[in-house]
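Student: I'm new to this one. Could you pick a single part and walk me slowly through what surrounds it?

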Amino acid sequence: MENSVMQKRIETFKAFGETLKCAKVYFREDWEVLYFDLQGKMFGMMSDQASEDAIITLKNLPEKNEELREIYAGTVIPGYYTNKNHWNSIKLASEELSDEAIKQLIETSYQLVYQKLTKKLKAAIEE
(Lines give C-alpha, C1' and ligand atoms only; values in the text may rest on other atoms or scores of the structure.)
Protein backbone atom coordinates (compact mmCIF):
# COMPACT_ATOMS: atom_id res chain seq x y z
CA MET A 1 0.00 0.00 0.00
CA GLU A 2 1.46 3.35 -0.91
CA ASN A 3 2.12 5.91 1.82
CA SER A 4 -0.49 8.47 0.67
CA VAL A 5 -3.21 5.80 0.80
CA MET A 6 -2.01 4.64 4.20
CA GLN A 7 -1.85 8.22 5.53
CA LYS A 8 -5.48 8.66 4.43
CA ARG A 9 -6.31 5.43 6.29
CA ILE A 10 -4.67 6.77 9.46
CA GLU A 11 -6.70 10.00 9.13
CA THR A 12 -9.90 7.95 8.59
CA PHE A 13 -9.38 5.94 11.80
CA LYS A 14 -8.45 9.05 13.79
CA ALA A 15 -11.62 10.81 12.59
CA PHE A 16 -13.72 7.73 13.32
CA GLY A 17 -12.33 7.47 16.87
CA GLU A 18 -13.33 11.08 17.46
CA THR A 19 -16.96 10.33 16.49
CA LEU A 20 -17.36 7.95 19.45
CA LYS A 21 -19.10 9.54 22.42
CA CYS A 22 -16.66 11.50 24.66
CA ALA A 23 -13.65 9.94 22.92
CA LYS A 24 -10.56 11.99 22.09
CA VAL A 25 -7.80 11.05 19.68
CA TYR A 26 -4.62 13.06 20.02
CA PHE A 27 -0.87 12.83 19.49
CA ARG A 28 0.73 11.65 22.70
CA GLU A 29 4.25 13.11 22.75
CA ASP A 30 5.81 10.73 25.30
CA TRP A 31 4.77 7.63 23.32
CA GLU A 32 4.90 9.27 19.87
CA VAL A 33 1.55 7.75 18.87
CA LEU A 34 -2.01 8.79 18.19
CA TYR A 35 -3.72 7.95 21.47
CA PHE A 36 -7.41 6.94 21.59
CA ASP A 37 -8.72 8.17 24.94
CA LEU A 38 -12.01 7.63 26.77
CA GLN A 39 -12.20 9.45 30.12
CA GLY A 40 -8.44 9.06 30.60
CA LYS A 41 -8.40 5.36 29.62
CA MET A 42 -6.72 4.10 26.46
CA PHE A 43 -8.89 2.25 23.95
CA GLY A 44 -6.33 2.32 21.17
CA MET A 45 -3.09 3.70 19.84
CA MET A 46 -1.91 4.13 16.29
CA SER A 47 1.15 5.20 14.35
CA ASP A 48 0.75 8.82 13.25
CA GLN A 49 2.94 8.45 10.14
CA ALA A 50 2.42 6.15 7.17
CA SER A 51 5.21 3.58 6.93
CA GLU A 52 5.68 -0.13 6.34
CA ASP A 53 5.61 -0.59 10.15
CA ALA A 54 2.49 1.52 10.87
CA ILE A 55 0.04 -0.24 13.21
CA ILE A 56 -3.12 0.33 15.19
CA THR A 57 -3.39 -1.42 18.57
CA LEU A 58 -6.87 -2.22 19.87
CA LYS A 59 -8.48 -4.08 22.77
CA ASN A 60 -10.69 -7.12 22.29
CA LEU A 61 -11.77 -10.25 24.15
CA PRO A 62 -8.87 -12.73 24.54
CA GLU A 63 -10.63 -15.48 22.55
CA LYS A 64 -11.49 -13.02 19.74
CA ASN A 65 -7.87 -11.82 19.66
CA GLU A 66 -6.69 -15.42 19.20
CA GLU A 67 -9.20 -15.95 16.41
CA LEU A 68 -8.18 -12.74 14.57
CA ARG A 69 -4.48 -13.69 14.82
CA GLU A 70 -5.25 -17.08 13.25
CA ILE A 71 -7.45 -15.74 10.44
CA TYR A 72 -5.19 -12.78 9.62
CA ALA A 73 -1.80 -14.31 10.45
CA GLY A 74 0.96 -11.78 9.85
CA THR A 75 -1.50 -8.85 9.67
CA VAL A 76 -2.98 -9.14 13.17
CA ILE A 77 -0.28 -9.70 15.77
CA PRO A 78 -0.17 -9.70 19.60
CA GLY A 79 -0.46 -6.15 20.93
CA TYR A 80 2.73 -4.14 20.69
CA TYR A 81 3.79 -2.90 24.17
CA THR A 82 0.49 -4.05 25.68
CA ASN A 83 -1.04 -7.07 27.43
CA LYS A 84 -0.96 -9.69 24.65
CA ASN A 85 -4.17 -11.37 25.87
CA HIS A 86 -6.30 -8.25 25.60
CA TRP A 87 -4.67 -6.25 22.79
CA ASN A 88 -3.86 -6.87 19.13
CA SER A 89 -1.87 -4.75 16.73
CA ILE A 90 -3.00 -4.57 13.10
CA LYS A 91 -0.53 -3.74 10.35
CA LEU A 92 -1.99 -0.83 8.39
CA ALA A 93 0.04 -1.62 5.26
CA SER A 94 -2.03 -4.78 4.79
CA GLU A 95 -5.37 -4.54 3.02
CA GLU A 96 -6.52 -7.89 4.41
CA LEU A 97 -8.78 -6.05 6.87
CA SER A 98 -10.98 -3.39 5.28
CA ASP A 99 -11.37 0.10 6.76
CA GLU A 100 -14.90 -0.90 7.80
CA ALA A 101 -13.60 -4.01 9.61
CA ILE A 102 -11.01 -1.92 11.47
CA LYS A 103 -13.64 0.70 12.39
CA GLN A 104 -15.69 -2.15 13.87
CA LEU A 105 -12.65 -3.22 15.91
CA ILE A 106 -12.14 0.39 17.10
CA GLU A 107 -15.79 0.44 18.21
CA THR A 108 -15.38 -2.91 20.04
CA SER A 109 -12.27 -1.62 21.82
CA TYR A 110 -14.15 1.54 22.84
CA GLN A 111 -17.07 -0.52 24.21
CA LEU A 112 -14.77 -2.81 26.22
CA VAL A 113 -13.07 0.18 27.84
CA TYR A 114 -16.43 1.90 28.42
CA GLN A 115 -17.76 -1.19 30.24
CA LYS A 116 -14.86 -1.01 32.72
CA LEU A 117 -15.43 2.65 33.63
CA THR A 118 -16.87 3.63 37.02
CA LYS A 119 -20.58 4.51 37.28
CA LYS A 120 -19.56 8.14 37.75
CA LEU A 121 -17.50 8.23 34.54
CA LYS A 122 -20.24 6.42 32.59
CA ALA A 123 -22.78 8.96 33.87
CA ALA A 124 -20.55 11.83 32.66
CA ILE A 125 -20.50 10.27 29.17
CA GLU A 126 -24.25 9.70 29.10
CA GLU A 127 -25.10 13.30 30.07
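Tutor: Let's take strand 2 as our part, then follow its links outward to the core and the largest pocket. One thing to keep in mind first: this is a predicted model.

Strand 2 covers residues 33-38 and gives two or more residues to the largest nonpolar core. How many of its residues are buried? Six of the six are, so strand 2 is largely enclosed by the rest of the structure.

Now look at its partners. On one side of the story is strand 1 (23-28), which runs antiparallel to strand 2 and is joined to it by six bridges. To get your bearings, find Ala23, which stands opposite Leu38 in strand 2. The two strands make a hairpin with four residues between them, and in that turn Glu32 has a positive phi of about 55°.

The other partner is strand 3 (41-46). Again the pairing is antiparallel, with five bridges joining strand 2 to strand 3. Here you can use Asp37 as your marker, since it stands opposite Met42 in strand 3. This pair also forms a hairpin, with two residues between the strands, and Gln39 in the turn has a positive phi of about 50°.

So where do the buried side chains go? The largest nonpolar core holds 30 residues, and Phe43, Ile56, Leu92 and Ile106 have the most contacts inside it. Besides strand 2, the elements giving it two or more residues are helix 1 (3-19), strand 1, strand 3, strand 4 and helix 3 (99-116). Helix 3 supplies the largest share, six residues. Apart from this core lies another, of five residues, and Val33, Tyr35, Met45 and Trp87 are among them.

Two of the names you've met, Val33 and Glu32, turn up again at the largest pocket: along with Trp31, Ser47 and Tyr80, they lie nearest its centre, out of 15 lining residues. Strand 3 and strand 4 (55-59) are the elements that give two or more residues to that lining. The pocket has a volume of about 290 Å³, and its lining divides into eight nonpolar, four polar and three charged residues.

Trp87, from that other core, leads us to one last neighbour. Arg69 sits in helix 2 (residues 62-71) and touches Trp87, as well as others including Val76, Ile77, Lys84 and Asn88. Is Arg69 buried or exposed? Its relative accessibility is 16%, under the 20% cut-off, so Arg69 counts as buried.

Technical notes:
Residues numbered from 1 in each chain as written. Predicted model: local features only at pLDDT ≥ 70, side-chain atom pairs only at ≥ 80, totals over all residues. Heavy atoms only, no water. 1 Å grid on protein atoms, 1.4 Å probe; cavity = no way out; pocket = protein on both sides within 12 Å on 5 of 7 lines; lining within 4 Å. Points joined across faces, edges and corners; volume = space filled by probe spheres on them. Nonpolar A, V, L, I, M, F, W, Y, C, P; charged D, E, K, R; others polar. Buried < 20%, exposed > 50% of the residue type's maximum accessible area, 1.4 Å probe, protein only. Contact = heavy atoms within 4.5 Å. Core = buried A, V, L, I, M, F, W, Y, C linked by side-chain atoms within 4.5 Å. Pairing = 2+ DSSP bridges. Lists of a residue's contacts leave out its neighbours within four places in sequence.
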